[in-house]
Amino acid sequence: MGLIPHIDEKSGFCYGVIRVVKQAESFLKTNSHLNSLGSIVHNTTEVSRLRDMGISVIDHDTLKQIKDSAVLIRAHGEPPSTYLTAKENGIKIIDCTCPVVLKLQERIKKGYEEVKEKGGSLVIFGKKCHAEVNGLLGQVNGDALVVESKEDLAGLDFQKPIVVFSQTTNDTVGYANIIAEIKQRVADAGGSTDNVVSHNTICRQVSSRHPNLKQFAAKNDVVLFVSGKESSNGKVLFGTCKNSNPRSYKIESTSDIDPSWFNPGETVGICGATSTPTWQLEGVATFIKGL
Ligand code: SF4
């Protein structure tokens, strides 16, 4: 008896990624080539599809050297210095920064001004060197503490006001734990926890997927979570699947699938990150049917 694949209807690109891919495709209808500052998505399969369409990935060093061409800014956003370099080099920017990230950049600028007036600190709960976090840091000239875990809190002054924001694709539970830890340390230092202002800025396109994935993973015998290695939300969402169903496997493509994971007649749930295209989930389903 063959395997029965089920694709999670709520998986697939998020709004911000759909938007950037559409804009890139639309540009390439009338142009043969487009530079993208960093990979449009953290998904090698989709990146190679886009490369075949005419997109080259460049880094910040290359941006400084090229002139008079078009460069796409992806959904993660960029610091102000990138726009300055582009202006100096006559580069046309196709700005696909996700509106959710743009809003967060503005909120961080405002939050920074307010907390600095009171002599306090700004904290970003996020992954060090992640493109979105670099863009956020650029709004405040790098004057913020990026916190991945409790260990990173050591440099904070717990007696002064603290304002906290999150990278949009971070983990909700991890965020709540960091806020609880900061408040505890403020209390231990004899300060008031009212001085800690928390802005949970995790994107709902990520956080709303957890309850669905938990159920989806539980109702299938085996789960295949399709995601690029670099995807932050992929790591977090896969964790939800694994907690709900220990027989969950993270794969980048069908070549990672080991047939020994399955027994005849079992159901196989196929889901993915916000950077995993639906066509890739469908490809995995076809592969599973053929096993
Ligand atoms: S996860 Fe949210 S913030 Fe990030 S690109 Fe998608 S819609 Fe935008």
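Here is a chat about the sheets, helix contacts and ligand shell of a predicted model.

Biologist: Before we start, what kind of model is this, and how are residues numbered?

Modeller: The model is predicted: local features need pLDDT of at least 70, side-chain atom pairs count only at pLDDT 80 or more, and totals for chains, interfaces and linings use all residues. Residues are numbered from 1 along each chain as its sequence is written.

Biologist: OK, sheets. What's the strand order in the one with strand 3 in it?

Modeller: That open sheet has 4 strands in the order 3-2-4-5, with parallel pairing. Strands here are DSSP runs of E with at least two residues, helices are runs of H or I with at least four, and both are numbered from the N terminus. Two strands pair if DSSP finds at least two bridges between them.

Biologist: Which strands are at the edges?

Modeller: Strand 3 and strand 5 (92-95), each pairing on one side only. Neighbouring strands are turned by 35° against each other on average, direction ignored. Angles run from 0 to 180 degrees between N-to-C directions, using axes fitted to C-alpha atoms, for helices over the stretch in contact.

Biologist: How many bridges join strand 2 to strand 3?

Modeller: There are 4, between residues 34-37 and residues 55-58, and the two strands run parallel. To get from strand 2 to strand 3, the chain goes through helix 2 (residues 44-53) in a right-handed β-α-β crossover. Right-handed means that, with the strands pointing away from the viewer, the path from the first strand over the helix to the second runs clockwise.

Biologist: And which residues stand opposite N35 and L37 in strand 3?

Modeller: N35 is opposite S56, and L37 is opposite I58. Strand 2 is also joined to strand 4 (residues 70-73), by 3 parallel bridges. There, N35 has V71 as its bridge partner, and L37 faces I73.

Biologist: Which strands does helix 1 lie across?

Modeller: Helix 1 lies across strand 2, strand 3, strand 4 and strand 5, at about 160° to strand 2.

Biologist: Switching to the ligand. Which residues come nearest?

Modeller: C14, G16, C98, V100 and C203, out of 14 residues around the ligand. A residue counts as near if its C-beta atom, placed from the backbone, lies within 6 Å.

Biologist: Which helix gives the most to that shell?

Modeller: Helix 1, with 3 residues. Helix 1 (15-30), helix 5 and helix 8 (204-207) each supply at least two.

Biologist: How do the shell residues divide by type?

Modeller: 9 are nonpolar, 5 polar and none charged. Nonpolar means Ala, Val, Leu, Ile, Met, Phe, Trp, Tyr, Cys and Pro; charged means Asp, Glu, Lys and Arg; the others, Gly among them, are polar.

Biologist: Back to helix 5. At what angle does it pack with helix 6?

Modeller: About 35°, with the axes of helix 5 (residues 99-117) and helix 6 (residues 131-138) 9 Å apart. The crossing is right-handed; that label applies if the near helix is turned clockwise from the far one by less than a right angle, left-handed if anticlockwise. V101, L104, Q105 and I108 of helix 5 make the contact with E132, G135 and L136 of helix 6. Contact means C-beta atoms, placed from the backbone, within 7 Å.

Biologist: What about helix 9 and helix 10, how do they pack?

Modeller: Helix 9 (residues 209-219) and helix 10 (residues 232-244) also pack at about 35°, with axes 8 Å apart, in a right-handed crossing. Among the contact residues are R209, H210 and L213 in helix 9 and L237 and T240 in helix 10. By type, the contact has 5 nonpolar, 3 polar and 2 charged residues.

Biologist: Last one: what's the order of the sheet with strand 12?

Modeller: The order is 1-12-10-11, an open sheet of 4 strands with parallel pairing. Strand 1 (4-7) and strand 11 (248-251) each have a single partner strand, so one side of each is left without a neighbour in the sheet. The twist averages 25° from one strand to the next. Inside that sheet, 5 bridges join strand 10 (residues 222-226) to strand 12 (residues 267-272) in parallel, with V223 opposite G269.

Notes:
Contact = placed C-beta atoms within 7 Å.
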